Amino acid sequence: MIETTLTIRSDSPIGTISPRLYGHFAEHLGRCCYDGLWLGHIDTDIPTYGGFRKDVVDALKAMPVPMLRWPGGCYADHYHWRDGIGQNRPVRLGLSCGLQVEDDNSLGTHEFLALCKMLGAEPYLAGNVGSGTPQELCDWVEYCNATIRTTLARQRAANGSPEPFGVILWGVGNENWGCGGSYDPISYANEYRRYATMLRHVDPSIQLVAGGPDDKWNMEFIDTNRNHLTLLDHFSIHRYWDKSGPEINFNEDQYYRLLEEADDTENFISGTAKFIREALGKSTHKIGIALDEWGVWHPEARGWGPYKELERKPTTYEQAGTLRDAIAVAAALEGFHRQCNVLSLANLAQIVNVLHASVMTEGASMWLTPTYYALQMHKPHIGAQALPVEIDHSVSIPGGSSAVTATASYQNGTNITITNRHFSEPARVTIHTDMTTGVRFGQVLAADSPRAVNSVSAPDRVKPAELPVHLVTTAVWQVELPPHSIATIGLVG
Ligand code: AHR
């Protein structure tokens with residue numbers, strides 16, 4: 001039995017855990033948007049809310065989804081928003097990540113923004129730079145946000161939305177160093193400045209996101225735009241974990257390797273934030289880090305990285321999500337909470353069926369992945385004050401982390417999520433707090449194996465169960481966690 005002591009300090013909060021750190025990503029890629037979320041393009045008996053799968057929407061509402069990015073990804077730089085409004089929409093070549101599909105554009109701006117409304121999600125629209133123009137993106141902003149009765153605003157009203165949508169978050173392209181146009185940093189920086197200047201004229205209240213792949217690129221981008229930094233609100237970076245073996249039949253080393261990759265996401269965020277801060281020099285302008293694609297990318301979904309030969313054919317971008325993936329999410333979220341003063345938004349890729357999905361569908365069936373439950377167990381932290389956690393640990397795991405790790409926050413009481421990362425050993429965790437007086441709830445997500453998955457035939461193999469929380473002495477609590485498990489407890493005070 002691993003013995004670990006946690007001390008939660010409530011006197012020096014780290015900062016606020018913005019709901020934007022719990023964002024998701026829906027791209028028109030594989031069965032994510034079309035089939036996973038949207039059935040408006042086919043005749044079906046599956047119940048929908050105005051074309052969106054009812055079972056999926058209900059599940060996502062309960063997760064929850066505070067923010068949603070759309071329509072890509074790589075798809076964004078081929079997407080022309082006018083194709084997705086009004087009647088008689090054209091059928092285009094849907095292009096993303098090497099896939100080519102028939103794209104009837106039935107899921108367009110109004111439909112996506114209606115989905116966001118149903119979910120209570122803030123929309124984040126990714127604009128087209130690669131095959132678009134500044135005018136096209138300015139028009140999309142005007143169409144969505146104009147309060148003056150311009151022709152575009154009237155068109156929006158005629159299409160069912162007299163009130164402006166008020167979309168605040170806009171991406172100026174996606175991965176423009178690669179699929180979004182193969183720009184070099186200086187040419188993208190110049191292009192970005194032109195777009196951002198014009199977009200801000202249309203709506204000064206919008207927040208704009210630029211992106212870069214690494215420090216060298218980011219430095220050149222910032223140097224080129226040094227006199228125009230206020231045009232930049234968020235800087236997008238992407239991190240996929242792709243070096244940890246097969247989706248299900250991983251070995252113990254690969255299990256720990258994924259957790260190391262997940263932990264390293266925090267270094268990527270803090271390192272990029274520090275670098276950008278230094279690159280800004282004397283400027284007091286604040287640029288948030290937007291990790292607007294993150295998660296595990298298993299080789300079966302599409303082979304890249306060291307396990308390319310495991311790719312399933314044809315390529316679907318779909319993968320099985322085990323309990324290991326959920327534990328990796330919990331590891332990453334610990335880092336997001338610690339970095340909540342520099343990380344301004346994050347989007348798990350992707351929301352349904354594709355890559356690190358929370359929800360999966362097959363025909364009329366739907367099931368929730370262990371990742372779904374891991375996210376749901378973090379709900380008490382959304383919008384809360386992140387609290388520092390001191391860990392006194394007896395056992396480390398490969399990579400050097402404590403076997404037991406935790407994150408805590410304050411909101412309607414003290415909320416603590418604890419992860420026992422050990423592959424095979426249970427853990428007893430003693431929690432010292434300043435002033436807690438009772439237990440509001442205790443939940444644990446565990447299974448007999450970290451390889452456990454939910455599926456169409458066994459949708460409930462991994463789901464949360466109640467966790468007993470014992471009082472040791474005043475404001476000191478104890479829980480026992482199975483190996484490879486996640487627990488969340490809510491304390492009074
Ligand atoms: O999420 C899948 C793809 O990964 C996105 O379209 C792209 O931005 C990234 O390379």
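Begin by selecting Ile 418 together with Ala 487, since the tour opens on a strand pairing: Ala 487 of strand β26 is the bridge partner of Ile 418. Bear in mind while looking that the model is predicted.

Extend the selection to residues 414-420, which make up strand β20, and follow the antiparallel pairing of β20 with β26 over seven bridges. Then add residues 438-445, strand β22, which also pairs with β26 in the antiparallel sense, again over seven bridges. Within this second pairing, Val 444 stands opposite Ala 487 of β26, the residue already selected as the bridge partner of Ile 418.

Now colour β26 itself, residues 485-492, by relative accessible area: seven of its eight residues are buried, that is, under 20%, and the strand is therefore largely enclosed by the rest of the structure.

Next, move to the ligand and display the 15 residues around it, of which Glu 27, Cys 74, Glu 175, Tyr 240 and Glu 293 come nearest. Coloured by class, this shell divides into seven nonpolar, five polar and three charged residues.

For the polar contacts, draw the distances one at a time. A side-chain N or O atom of Glu 27 is 2.7 Å from an oxygen atom of the ligand, and a polar side-chain atom of Glu 293 likewise lies 2.7 Å from a ligand oxygen. At Asn 174, the distance between a side-chain N or O atom and an oxygen atom of the ligand is 3.0 Å. Finally, switch on the surface: of the 280 Å² of accessible area that the ligand has on its own, the protein covers 94%.

How values were computed
Residues numbered from 1 in each chain as written. Predicted model: local features only at pLDDT ≥ 70, side-chain atom pairs only at ≥ 80, totals over all residues. Heavy atoms only, no water. Near = heavy atom within 4 Å. Polar contact = N/O pair within 3.5 Å; in protein donor to acceptor, adjacent residues only side chain to side chain. Areas by Shrake-Rupley, 256 points an atom, 1.4 Å probe, with all protein chains shown as cover. Nonpolar A, V, L, I, M, F, W, Y, C, P; charged D, E, K, R; others polar. Buried < 20%, exposed > 50% of the residue type's maximum accessible area, 1.4 Å probe, protein only. Helix = DSSP H or I, 4+ residues; strand = E, 2+ residues; numbered from the N terminus. Pairing = 2+ DSSP bridges.
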